[in-house]
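Hi,

Here is the structure I promised to pass on. Have a look at it first, and then read my notes below.

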Amino acid sequence: MGKLTYRFIRTVEIEDRPLAHLRNVIHAKIRRGESFAFSWELPVDRGSGRNSIWLGPDIPVVFEFFDGREIPLNPLWLRELARTANSPTGLVLVPEPDSAPTPER
């Protein structure tokens, strides 16, 4: 279980694989000087509900991973996460799509 820490005051636990993809999208947006919202849902065992934070170039964000190995990234997931990040509602952790399209029969 990895962690995203926002402004050194708020920590969000996220599995390492989705966190690696979020880090890539967040770094790209911040590198371009863009500010945006990031929203996520809490699981039932943590009380349910939704949370949202505002991210931007001047806001410190720390990514911590439980596993030290680099995680291979799924380009389709990165594209979908970037699409949500560029939408009016902001970045939302959507489910990972299959990495290879299935052939149509």
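**How the helices cross**

Helix 1 and helix 2 cross in a right-handed sense. Bear in mind as you read that this is a predicted model. On the helix 1 side, the contact is made by Arg-17, Pro-18, His-21, Leu-22, Asn-24, Val-25 and Lys-29. Helix 2 brings Trp-77, Leu-78, Leu-81, Ala-82 and Ala-85 to that contact. Sorted by class, the residues where helix 1 meets helix 2 are eight nonpolar, two polar and two charged.

As for the geometry, the axes of helix 1 and helix 2 (residues 75-85) come within 10 Å and cross at roughly 50°. Since that angle is neither under 35 degrees nor in the 65 to 115 range, helix 1 counts as oblique to helix 2.

Helix 1 (residues 16-31) has other neighbours too: it lies across strand 3, strand 4 and strand 6. Relative to strand 3, helix 1 runs at about 165°.

**The chain as a whole**

If you want to get your bearings, the protein chain has two helices and six strands. Starting from the N terminus, the elements come in the order β-β-α-β-β-β-α-β. The C-alpha trace spans about 50 × 35 × 30 Å along its principal axes. The radius of gyration is 14 Å, which agrees with the value near 13 Å for a compact globule of 105 residues.

**The 2-1-5 sheet**

The strands are where I spent most of my time. One open sheet has three strands in the order 2-1-5, and its pairing is antiparallel. Strand 2 (10-14) and strand 5 (61-64) are the edge strands, each pairing on one side only. From one strand to the next, the twist averages 15°.

Strand 1 (residues 2-6) pairs with both of the others. Four bridges join strand 1 to strand 5, and the two run antiparallel. Here Leu-4 stands opposite Phe-63 of strand 5. Towards strand 2, strand 1 has five bridges, again with the strands running antiparallel. Gly-2 has Ile-14 in strand 2 as its bridge partner.

The turn is worth a look as well. Strand 1 and strand 2 form a hairpin with three residues between them. Arg-7, in that turn, has a positive phi of about 55°.

**The 4-3-6 sheet**

Another open sheet of three strands has the order 4-3-6, and this time the pairing is mixed. Its edges are strand 4 (50-55) and strand 6 (91-92), each of which pairs on one side only. Six bridges join strand 3 (residues 36-41) to strand 4, with the two running antiparallel. If you want a spot to start from, Ser-39 stands opposite Ser-52 in strand 4. These three strands, 3, 4 and 6, are the ones that helix 1 lies across.

That's what I have so far. Over to you!

Best wishes

Terms used. Residues numbered from 1 in each chain as written. Predicted model: local features only at pLDDT ≥ 70, side-chain atom pairs only at ≥ 80, totals over all residues. Heavy atoms only, no water. Pairing = 2+ DSSP bridges. Axes fitted to C-alpha atoms, helices over the stretch in contact; angles between N-to-C directions. Contact = heavy atoms within 4.5 Å. Parallel < 35°, antiparallel > 145°, perpendicular 65-115°, else oblique. Left-handed = near helix turned anticlockwise from the far one by under 90°. Nonpolar A, V, L, I, M, F, W, Y, C, P; charged D, E, K, R; others polar. Rg over C-alpha atoms; globule rule 2.2 N^0.38 Å.
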